[in-house]
Structures are given as structure tokens and as C-alpha cells.
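Ready to poke around in a protein model? Work through the exercises below with the viewer open, and try each one before reading its solution.

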Amino acid sequence: MKILLFGKDGQVGWELQRALAPLGSLRALGRADADFAHPETLRAPIAAFGPDVIVNAAAYTAVDKAEGDAATAHRVNALAPGVLAEEAAACGAWLVHYSTDYVFDGAKEGAYVEGDATNPLSVYGRTKCEGEERIRASGARHLILRTSWVFSARGGNFAKTILRLAQERDSLQVVADQHGAPTGADLIADATALALHSLRDAGPAARALSGTYHLAAAGATTWHGYAQHLLAEALARGAELKAGPESVLPVLARDWPAPAARPRNSRLDTHLFEASFGLQMPDWRAHVDRLVAGLASAGRDEAHGAQRIDRVFPSCSPYSHKATQAIIPVPMARGADKQS
């Protein structure tokens, strides 16, 4: 396979570079190489490379900022995927595109299946939903993979922020009435690679697999339960924290007003993806525990027994409120995430 990857700098894109490399010739482009704010410029690198597969891990993910920057979000999340799809259709390539639980309003009681009606609550959700629609309308063979609550050791995210705040504060207040499955970027990347391997093996019959799928870890929790699990695992690995799991206090989402509304229910049913590609999604705790173990291993100081979290988790220490607010779906500790 000749694979052209967009968005190599992000959490998922970074993992995709590793996961996709064994499948063939991989060219990975980042922000400096491909400007999604100017979608028409994306045609040239596709034409120059002539890919069999285009993988789009680029997106405008600043959920709250998008409310005041709808034009840019629309270009990046809606128009740019449409351009990629048109080019894929023209050259006969597959397009793999990542979407989000934010295309739903969260009102459903159970897990969302692919055929459920979309009803996004935010600019981010609406632009991602339109991006899906443009891909479907293009006629390109595609995998639209909706996921949720993404985390990794790279970049800023909820998991790393909670670990940092637990070093600084005696207690944390975390939203307890929004439900979903924390999903590791490494899981998304590995599952994508396995799906592409299946498409290659299927030959002409692969076209029947073109469509929209949900790709997320198994099980579900709340942001509150997620935070408690993170801190319990960190303590088990020797981190020195001011706030442990018992110090994470539940609050309601309505107590944390934000520019963009979030779905109350982000649970995604992954049975279609599993059945189509012969995979089984692991429980969300598996990759969360791997994240904590990896951060601990990277930062362990052999001269100390009980570790400070900035030693055990060194990448948690540098923190920008502005950068993290762009990707964390809900505020998690009073005063921690209210800056712009």
C-alpha cells in the first residue's frame, strides 16, 4: 500500500506513523506540510504521491474556541475532508477519516450505533458531521471512524492534566454525569492498521466494507470515574500525590458552563467494527493503565522510592491552560480550566 497520512503531529496521527508503517510506503504530513484551513491546497500532495489510501487524522479540535471561530472550524472539519474525498474518488484511493461522538446530542440512554440520527450540539460537532456527509456524498471508498475521549502520552489531554493537578491540590472536582469510554490513540492507530490490512486482503470485496464505524474502547465510565482510576493507578506505581481517588469529588456538568455544549452520553457501540474486521475492543482501563505505566517508566528516578508526580510523570508538569482547554471536553477542577 501507498499510504498518505495527514495530521501526523496530533495524538492519533503520531501513533498512526508507527502503526501504518509496516503496511507499505508511508508519507506523513503535518501542519507545516498541509494547511487544512485552505482545503484546495490539499489536492497537490495527493496528486504528487498517488496514494492507495489517504488517512486523515487532522482536525480542528478546540471545541470551545470553535464557537467563536466557526469559519475556520468549517474549513478544517467540513470542507477539507470533502476535498480529500474528492481526490480519493478521482484516484481510486480509500479514505480513512476520524470523526467524533460529538455528532450526537447525548440524549440516548444506551450506546449509539452507526445508524442513529445525528444531532450535534456545537460548532465542532456540526462541522465534523458535515465532514462525514461530504465524504459519503463523494462516492469515494471510505472508513469514517467515530471515536471518543482520546488520550495519549503525547500532547495535552484530560488524563495528563488530572495527574498534574493531583500533585498540586488536595481535592479535585470532576464532572460525574457525562458518560463515555476513554480511548487510547495507540488503540485507534492499531485498529486502523488492522482494518486496512483486512481491506487489502479482501480484494475487490473490500468495497462492501466502505462506510461509517464506531471505534472506541470497551466499557464506559464518567469523567469522575476516569479521574479516580487514573489516580489509583498512579499511586500504585509510586506517585506522590496530594489528591488521591477519594479526594475526587463529583459535580454536575451544569455547574461548569462552557461556550460549547457537550453530549451527556458519548457511549459508542463498536459491534459493527468488530464484526466487520474481526477485532475485539479492549476495556478502556487497559490502555489507561498502559499510559500511566509508560509515563511512570519514562520519569522514574532510581534514587527515590516514593516519587513526586513531576518525576514519575515528567510530561505532566509543563501545562498551558489555553492549550489544554482546547481539547479537554469538560472542566475538571475548580479554577483549573476557566482561563481562555
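Buried means under 20% relative accessible area, exposed means over 50%, and partly exposed is whatever falls in between. Keep in mind that this is a predicted model.

**Exercise 1.** Sort Asp-283 and Arg-285 into buried, partly exposed or exposed, then find out how their side chains meet.

*Solution.* Start with Asp-283: its relative accessible area is 30%, so this residue is partly exposed. Next, take Arg-285, which has 36% and so is partly exposed. Now look at the side chains: Arg-285 and Asp-283 meet in a salt bridge, at 2.8 Å from N to O.

**Exercise 2.** Find the salt bridge between Arg-290 and Asp-186, and work out which parts of the chain it ties together.

*Solution.* First, locate the pair: the side chains of Arg-290 and Asp-186 form a salt bridge with an N to O distance of 3.1 Å. Then check where each one sits: Arg-290 is in helix 9 (residues 284-299) and Asp-186 is in helix 6, so the bridge ties together parts 104 residues apart in sequence. Finally, classify them. Arg-290 comes out at 48%, so it's partly exposed. Asp-186 has 15% relative accessibility, so that residue counts as buried.

**Exercise 3.** Start from Glu-40 and trace the network of salt bridges that it belongs to.

*Solution.* Step one is the partner Arg-43: the closest N and O atoms of Glu-40 and Arg-43 are 2.7 Å apart. Step two is accessibility. Glu-40 is at 51%, and the cut-off for exposed is over 50%, so Glu-40 counts as exposed. Arg-43 is at 22%, so it counts as partly exposed. Step three is to widen the view: the network links Glu-40, Arg-43, Glu-86 and Glu-87. For context, a search of the whole structure turns up 16 salt bridges.

**Exercise 4.** Which residues have the most contacts inside the largest nonpolar core, and which helix gives the most to it?

*Solution.* Begin with the general idea: in soluble globular proteins, nonpolar side chains tend to be buried together. Here the largest nonpolar core has 60 residues, and those with the most contacts inside it are Leu-16, Val-55, Tyr-98, Leu-143, Tyr-226, Leu-230 and Phe-273. Helix 6 (residues 185-202) gives the most to this core, with nine residues. Apart from this core lies another, of 31 residues, including Ala-37, Ile-46, Ala-88 and Leu-95.

**Exercise 5.** List what Leu-16 touches, leaving aside its neighbours within four places in sequence.

*Solution.* With those neighbours set aside, Leu-16 is in contact with Leu-5, Ala-21, Val-55, Ala-57, Tyr-98, Ala-189 and Thr-192.

How values were computed: Residues numbered from 1 in each chain as written. Predicted model: local features only at pLDDT ≥ 70, side-chain atom pairs only at ≥ 80, totals over all residues. Heavy atoms only, no water. Core = buried A, V, L, I, M, F, W, Y, C linked by side-chain atoms within 4.5 Å. Buried < 20%, exposed > 50% of the residue type's maximum accessible area, 1.4 Å probe, protein only. Helix = DSSP H or I, 4+ residues; strand = E, 2+ residues; numbered from the N terminus. Contact = heavy atoms within 4.5 Å. Salt bridge = Lys/Arg side-chain N within 4 Å of Asp/Glu carboxyl O.
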